[in-house]
Each structure stands twice: as structure tokens, then as C-alpha cells.
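Let's take a friendly walk through this model together. Have the sequence and the 3D view at hand as you read.

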Amino acid sequence: MALPDATLLEEALQARRRSYCPYSRFAVGAALLTTSGQVYTGTNVENASYGLSMCAERVALFRAVAEGERSFSKIVVVGGPADQEPQALCPPCGACRQALFEFAPDLEVLLGTARGIERRFPLRDLLPEPFEL
Ligand code: THU
């Protein structure tokens with residue numbers, strides 16, 4: 001049975017609560033679903049050397065790939081000021097779009113808030129001219 005989007009949203013919101021973002025105070029959570037139904041979550045992890053910080057989406061993606069996963073169907077992303085539940089959409093940054101495209105050009109990107117899933121896009125629409133070798 002397919003995993004409900006609401007379950008994936010809840011996983012993303014939970015992951016976001018583990019965000020390490022003392023510098024930006026902007027907490028992001030992601031939940032990436034494999035085509036076999038596994039979920040890998042990620043949250044942003046910042047560093048005093050700001051440029052070393054890593055986005056939630058790529059943490060989720062790299063965790064999954066490190067576990068042997070290569071095939072993904074959707075990702076839920078939530079984000080916003082760390083002191084409140086997410087109220088506005090948090091579309092993935094350009095770097096994360098390119099990183100996700102490598103493994104999942106047909107990925108569906110779901111943007112959530114505390115209210116629920118608000119928007120959904122094919123990754124191809126968010127990254128119209130991806131870099132390809
Ligand atoms: N961030 C993400 O986790 N994902 C994105 O797609 C954009 C930005 C994080 C990075 C940084 O820790 C904080 O949000 C503010 O830029």
C-alpha cells in the first residue's frame with residue numbers, strides 16, 4: 001500500500017525539529033520516499049564555517065544513497081524560522097534540485113507547511129535546464 005503524503009509530511013516535520021541551525025535560525029526538514037516505500041529523512045546541519053552547512057534535502061538524499069538506494073518517487077520539504085511551525089513554503093535550493101535530479105529526474109517535490117501539503121511540482125519543472133554531462 002502506498003505511503004500517504006500526510007505520513008511523509010509528518011516525517012519531514014519531525015526531522016525539522018532536529019535541525020541544527022544556530023546561525024540562520026531557519027530550520028528545514030525533508031522526507032524522501034524510495035520507489036520501494038522506504039523513507040529517508042534529513043534536516044539542515046550548519047557549521048560555524050557557514051559555507052560547510054548542508055541542506056536538509058541533500059542530507060536525506062545522501063543518507064539514502066549511502067544505504068544503497070538509487071530510486072526515488074517523491075520528497076516532502078518543510079522549512080521556516082526555527083521558533084515556529086512552518087507557515088510558508090520552502091522550495092528546495094538550486095543545488096538540491098540538481099543533486100536530486102542526478103538520481104530522480106522524475107521526482108515529485110511536495111511543499112508542506114504545518115497546515116499540510118500545499119503545492120506539488122515535478123522536479124523537471126523546478127529545474128528546467130539541468131546540468132548533464
Ligand atoms: N536550507 C535547506 O536546508 N534547504 C534548502 O533548500 C535551502 C536552505 C538551509 C540551509 C541553511 O541551514 C538554512 O536553510 C538557511 O539558508
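What follows looks at the ligand site, then the salt bridges, and then a few surface residues.

## Before we start

Please keep in mind that this is a predicted model. Residue numbers count from 1 along each chain as its sequence is written.

## Around the ligand

Let's begin with the ligand and its neighbours. The shell around the ligand consists of Ser24, Phe26, Val28, Asn44, Glu46, Cys55, Ala56, Glu57, Pro92 and Cys93. By character, these residues split into 6 nonpolar, 2 polar and 2 charged. Two elements, strand S1 (26-34) and helix H2, each provide at least two residues of this shell.

Which atoms come 2.9 Å from an oxygen atom of the ligand? In Asn44, it is an N or O atom of the side chain that sits 2.9 Å from a ligand oxygen. In Ala56, a backbone N or O atom is 2.9 Å from an oxygen atom of the ligand. Cys93 also takes part through its backbone, with a polar atom 2.9 Å from a ligand oxygen. On its own the ligand would expose 380 Å², and the protein buries 77% of that.

## Salt bridges across the chain

Next come the charged pairs. Side chains of opposite charge can pair when their charged atoms come close. How many salt bridges does the structure hold? There are 7 salt bridges, and three of them are worth tracing in your viewer.

Start with Asp5 and Lys74, whose closest N and O atoms are 2.7 Å apart in a salt bridge. Asp5 belongs to helix H1 and Lys74 to strand S3 (residues 72-81), so this pair ties together parts that are 69 residues apart in sequence. Both Asp5 and Lys74 are buried. Glu85 and Arg17 form another salt bridge, at 3.3 Å from N to O. Here Glu85 lies in the loop between S3 and helix H3 (94-103), and Arg17 in the loop between H1 and S1, so the pair ties together parts 68 residues apart in sequence. Glu85 is partly exposed, at 34% relative accessibility, and Arg17 is partly exposed too, at 45%.

The third pair is Asp106 with Arg124, where the closest N and O atoms are 3.2 Å apart. Asp106 sits in the loop between H3 and strand S4 (108-113) and Arg124 in helix H4 (residues 123-126), 18 residues apart, and the pair links distant parts of the chain. Asp106 is exposed, with a relative accessible area of 63%, whereas Arg124 is partly exposed at 43%. Finally, Asp5, Lys74, Glu108 and Arg120 are joined into one network by salt bridges that share partners.

## A nonpolar patch on the surface

Now to the outside. Tyr20, Tyr23, Val45 and Tyr50 make a nonpolar surface patch of about 440 Å². Val45 is in the loop between strand S2 (39-43) and helix H2 (56-66). Is Val45 buried or partly exposed? Its relative accessible area is 40%, and because buried means under 20% and exposed over 50%, Val45 counts as partly exposed.

## Two more residues to look at

Arg25 is in the loop between H1 and S1. Its phi is near 55°, a positive value in a residue other than glycine. Arg25 is exposed, with a relative accessible area of 57%.

Glu10 is part of helix H1 (residues 5-16) and is partly exposed, at 39% relative accessibility. Its C-alpha atom is separated by 9.9 Å from that of Ala30, a residue 20 positions away along the chain.

Definitions and conventions: Predicted model: local features only at pLDDT ≥ 70, side-chain atom pairs only at ≥ 80, totals over all residues. Heavy atoms only, no water. Patch = residues over 30% accessible without salt bridge, like charges linked within 9 Å, V, L, I, M, F, W, Y side chains within 5 Å. Areas by Shrake-Rupley, 256 points an atom, 1.4 Å probe, with all protein chains shown as cover. Salt bridge = Lys/Arg side-chain N within 4 Å of Asp/Glu carboxyl O. Helix = DSSP H or I, 4+ residues; strand = E, 2+ residues; numbered from the N terminus. Buried < 20%, exposed > 50% of the residue type's maximum accessible area, 1.4 Å probe, protein only. Near = heavy atom within 4 Å. Polar contact = N/O pair within 3.5 Å; in protein donor to acceptor, adjacent residues only side chain to side chain. Nonpolar A, V, L, I, M, F, W, Y, C, P; charged D, E, K, R; others polar.
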